[in-house]
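The following exercises concern salt bridges and the burial of the residues that form them. Each task is followed by a worked solution.

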Amino acid sequence: MGRQRLVGVVRRLGRRTDRRPRHNLNAVFIPGVGNQVLVAFTQNARFVPGIAGKVDGMDLVLWNGSAWSLVFDGQDVGLTNLTQEKIDGLHMLDTSLVPAPVQAAAGGSCLTYFLISTAGPGKVPGYTGTQIKFGGEDVLGFCATQVGATTAGKWFMVLDGSVEGMPLNSLDSISASADGQTLYLTTRAAFNVDSAVGGHSMVYKYESATGQFSGPYFSAPANGLTKKVDALHVVGDLP
């Protein structure tokens, strides 16, 4: 009996020591330069080689083909809730597309322009000095004036999803056209807004000019991807 107990303990310890920390991707953006990819992780407190401290779900890290670096520290700019304010949708646009009032509030220019959605509701300081309350169905814009371990910049609302008819916390991933006028998105569950009707892991469009959703234009399940899609990057335009 004693030997059986000892073997059981050894096996359990063996399984524990063989475990490796997971780094599940929750959002991605591919800059199109070299082998670079910008990512957010699902889990908090991840150790990433080359980055001091731990990486949480509201941070963005860049893989440049050979090394990791911290690009965006979410807690520096108001994303502090480790559960609700994790980044689950990400895109980067040309800084010339940042609205003029935001550019002015940022001192005249932005280093980087991020589009960001989060897992759930939260709040961040807006560029006008008032607080922006958002949900997991919204898309925020961030004009970065400083990036890296000390992040700074200005937040503004790009898409108020609930105003446009989206269910609360329904947004799962985002991408955008080059001019920022078309947003591509996937949702957590069934989606039925305007002419967009479908389920999760399907790609829909939101046209800023008309305020209308449509689609789906691509279905991951119909193309053999049975697992839920939680990150999206669209290149070009979908038909």
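**Exercise 1: K205 and its partner**

K205 is buried, with a relative accessible area of 7%; buried means under 20% relative accessible area, exposed over 50%, and partly exposed in between (1.4 Å probe, protein chains only). The model is predicted, so local features need pLDDT of at least 70 and side-chain atom pairs count only at pLDDT 80 or more, while totals for chains, interfaces and linings use all residues. Residues are numbered from 1 along each chain as its sequence is written, and side-chain values use heavy atoms, with hydrogens and water left out.

Task: Determine which residue forms a salt bridge with K205.

Solution. Step 1: A salt bridge is a side-chain nitrogen of Lys or Arg within 4 Å of a carboxyl oxygen of Asp or Glu. Step 2: The partner is D237, and the closest N and O atoms are 3.4 Å apart. Step 3: D237 is exposed, at a relative accessible area of 56%.

**Exercise 2: The salt bridges of R188**

Task: Identify which residues are linked with R188 in a network of salt bridges.

Solution. Step 1: R188 pairs with D88, the closest N and O atoms lying 2.6 Å apart. Step 2: R188 is in the loop between β12 (182-187) and β13 (191-193) and D88 is in strand β5, so this pair ties together parts 100 residues apart in sequence; strands are DSSP runs (E, at least two residues), numbered from the N terminus. Step 3: D172 also forms a salt bridge with R188, at 3.4 Å between the closest N and O atoms. Step 4: The network therefore links D88, D172 and R188.

How values were computed:
Helices (H or I, at least four residues) and strands (E, at least two) are DSSP runs, numbered from the N terminus.
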